[in-house]
Amino acid sequence: MASTLRRRVFGNGNDTPTEPSPAQTPRNQSPVRPGEKVKVVHKRKETRKRKTTGIFFLGSLFGIIAAGFFAKSNDLIGFEFPELGDLSMDNLFEILPAGFVKDMRELVNGERDFLESYDAFSVGLKVRSEGLSSHHPMVLIPGVISTGLESWGTSNESLPYFRKRLWGSWSMMRALVMDKENWKRHIMLDHTTGLDPPGIKLRAAQGFDATDFFITGYWIWNKIIENLASLGYDPTNSFTAAYDWRLAYPNLEKRDQYFSRLKAHIEMAVKLDNKKVVLTSHSMGSQVVFYFFHWVASEQGGRGGDDWVERHVDSWINVSGCMLGAVKDVAAILSGEMRDTAQLNAFAVYGLEKFLSKEERAEIFRAMPGMSSMLPMGGNAIWGDLDGAPDDQPGQAVSFGSFLNFRTKQNWTIPKTNFTVDDAMQYLYDTTDDWYRDSVKRSYSQGVAHTMKEVTANELDPRKWINPLETRLPLAPSLKVYCFYGVGKPTERAYYYRSSELGALTNLNMTIDTALIQGDVDHGVVMGEGDGTVNLMSTGYMCNKGWNMKRYNPAGAKVTVVEMPHEPERFNPRGGPNTADHVDILGRSNLNELILRIAAGRGGEIQDYVVSNIREYAERAKIYEEE
């Protein structure tokens with residue numbers, strides 16, 4: 001049975017198991033010899049679409065309770081998590097929708113079975129068997145929500161949570177259920193300053209523990225850390241640069257000196273190892289790295305000079321980077337909704353609204369300026385207009401460029417025309433409070449620079465540093481950029497909205513039209529291409545075209561692209577070794593192998609592998625080479 005499960009998880013026998021076996025490839029017969037090129041091979045097999053249960057970002061308590069099912073009994077509550085006090089899992093389940101509890105039980109029971117059959121270090125052992133070992137110092141930069149946030153406040157309202165995680169732990173669950181208003185005061189930043197409210201002090205957890213698991217049993221970076229360890233990495237030559245993802249990027253430096261600390265750590269690693277570092281980032285972390293590249297060189301930032309990256313960074317591994325944002329961020333901030341919430345049944349909606357209503361979720365999202373860094377960039381040039389979008393499909397009834405749509409002949413107070421992304425952004429600014437609009441506009445920019453002159457000028461404007469369509473890659477000709485991202489998983493691309501319910505006690509002007517199920521519209525949501533969270537135009541445009549333009553990559557840094565098709569295992573709750581889901585991809589076998597090869601100094605063997613139509617879409621985008 002164990003061998004059967006092992007084959008299910010790791011393939012047909014070509015991967016090295018934990019214990020040596022006659023089927024292993026001898027080291028002197030390694031399939032990859034020095035100097036040879038590695039072609040990334042993706043196994044394809046027929047699978048039915050797996051049933052998944054989303055863990056909602058901030059909007060849902062239900063994902064957080066998943067770890068409770070890993071316990072063999074409710075003794076987990078009193079023994080392993082005494083901070084939960086009188087709150088038991090049984091009591092909590094009584095107030096949750098029964099259907100959702102059933103789905104979550106199936107999800108986590110499946111995850112437990114998978115973990116018990118998982119050969120934890122198999123990818124690392126396979127690569128090590130080829131004679132590879134740690135070479136470059138490694139720096140890991142996590143994505144949004146990946147880092148736990150713990151309280152360091154000593155005010156009366158904070159004392160019960162001192163050094164407890166109010167994001168990413170059971171303490172968060174307890175606070176959200178039993179002390180929600182206090183939890184909200186801690187998790188939301190001050191509207192005026194964008195920093196901690198008076199008397200509150202939340203800080204990012206540090207070390208590998210900050211990002212390996214979100215909660216007990218729900219891994220994030222753990223599998224990458226395991227496999228790096230197999231190659232010889234430990235805390236002396238690898239480092240997790242965790243950060244408070246709620247903060248606007250300028251405030252990461254202002255409050256936490258995050259970029260100064262990252263710069264110092266990289267410089268120390270290079271000095272001690274006499275080798276340049278490899279930066280590995282995921283999701284929002286890739287935006288953080290791109291911003292850091294500008295900050296570290298600028299006289300307004302780290303004052304390292306234009307050659308700092310060339311001297312200190314060998315490679316940047318960009319995993320599922322939302323380089324041009326994510327359209328679902330608009331819906332989350334506009335109305336506190338996304339596909340996960342729109343497609344819940346009536347009982348689940350009731351349970352969700354009981355804990356955090358749409359208005360509360362929108363309020364929280366807006367009070368986390370870091371979230372707004374992922375608003376879509378490039379406007380209509382990237383995302384299309386009412387006449388069409390680059391990623392429209394043949395025969396598509398309504399263009400993706402029609403981003404927010406409104407049904408006519410309804411007794412609703414709604415805009416008279418559909419919105420493009422540009423229109424939606426303007427509507428967001430017009431209908432939210434001044435403090436939110438001002439905080440976004442003083443921190444970020446979502447435009448397009450069409451000339452080298454504009455790009456050069458934008459190096460002096462920190463608001464532009466987040467946007468690869470307005471600024472450039474570092475002046476580092478030997479820098480190697482690797483773009484690894486998932487494709488083939490339906491991803492939110494457009495929405496149908498309606499006015500808020502009559503008589504509803506809400507300040508929201510609009511809500512997703514969840515009653516609309518017609519053609520390509522599922523509960524008011526229209527799906528496109530991507531990794532389930534970030535759209536293909538965001539993960540793929542810069543990697544496949546933008547950074548091939550002289551103004552965006554003037555030093556000619558080499559960019560290698562490997563797309564990873566979403567091929568989940570039917571009964572695996574996290575998708576298994578061939579998943580390409582936005583988060584679960586961090587456990588994907590060949591992604592881990594590619595990261596290890598780059599860490600071992602063998603990244604030059606990796607070849608491009610593009611299976612989507614991103615290059616065709618990129619050519620249709622209204623961004624052109626300067627004449």
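The legends below describe close-up views of a predicted model.

**View 1. Overview of the predicted protein chain and its secondary structure.** The protein chain contains 23 helices and 16 strands, and of its 627 residues 61% are buried. Among contacts in the protein chain with a separation of 6 or more, 76% are made by residues that lie 24 or more positions apart. The area that the protein chain exposes comes to about 25300 Å², of which carbon and sulfur atoms supply 51%.

**View 2. The open parallel sheet of 6 strands.** The strands follow one another in the order S7-S1-S8-S9-S11-S16, and their pairing is parallel. Strand S7 (238–240) and strand S16 (558–565) stand at the edges with a single partner strand each, so that one side of each has no neighbour in the sheet. From one strand to the next, the twist averages 15°. Within this sheet, strand S1 (residues 138–141) pairs with strand S8 (residues 277–282) in the parallel sense over 4 bridges, and Met138 stands opposite Val278 in S8.

**View 3. The disulfide between Cys483 and Cys543.** The structure holds 1 disulfide, which joins Cys483 to Cys543 with an S to S distance of 2.1 Å. The link of Cys483 and Cys543 is left-handed, with -80° about the S-S bond. Because Cys483 lies in strand S11 (residues 480–487) and Cys543 in helix H21 (residues 536–544), the pair ties together parts that are 60 residues apart in sequence. Both Cys483 and Cys543 are buried. Helix H21 itself lies across strand S9 (313–319), S11 and S16, and runs at about 150° to S11. A further cysteine, Cys322, has 0% relative accessibility and therefore counts as buried.

**View 4. Helix H13 and the elements that cover it.** In helix H13 (residues 328–335), 8 of the 8 residues are buried, so the helix is largely enclosed by the rest of the structure. These buried residues are Lys328, Asp329, Val330, Ala331, Ala332, Ile333, Leu334 and Ser335, a list in which the charged side chains of Lys328 and Asp329 appear beside residues such as Val330 and Leu334. The cover over the buried residues of H13 includes three helices, namely helix H16 (358–366), helix H18 (421–431) and helix H19 (434–441), and it also includes strand S10 (404–406), strand S12 (491–499) and strand S13 (510–512). After H13 comes Gly336, whose phi is positive, near 70°.

**View 5. The loop that carries Asn274.** Asn274 lies in the loop between helix H10 (258–273) and S8, the strand that pairs with S1 in the sheet of View 2. Although Asn274 is not a glycine, it has a positive phi of about 60°. The relative accessibility of Asn274 is 69%, above the 50% cut-off, and Asn274 therefore counts as exposed.

**View 6. The loop that carries Arg303.** Arg303 is placed in the loop between helix H11 (284–297) and helix H12 (308–312). Arg303 is not a glycine, yet its phi is positive, at about 55°. With a relative accessibility of 60%, Arg303 counts as exposed.

Methods: Residues numbered from 1 in each chain as written. Predicted model: local features only at pLDDT ≥ 70, side-chain atom pairs only at ≥ 80, totals over all residues. Heavy atoms only, no water. Disulfide = S-S within 2.5 Å. Buried < 20%, exposed > 50% of the residue type's maximum accessible area, 1.4 Å probe, protein only. Pairing = 2+ DSSP bridges. Axes fitted to C-alpha atoms, helices over the stretch in contact; angles between N-to-C directions. Contact = heavy atoms within 4.5 Å. Areas by Shrake-Rupley, 256 points an atom, 1.4 Å probe, with all protein chains shown as cover.
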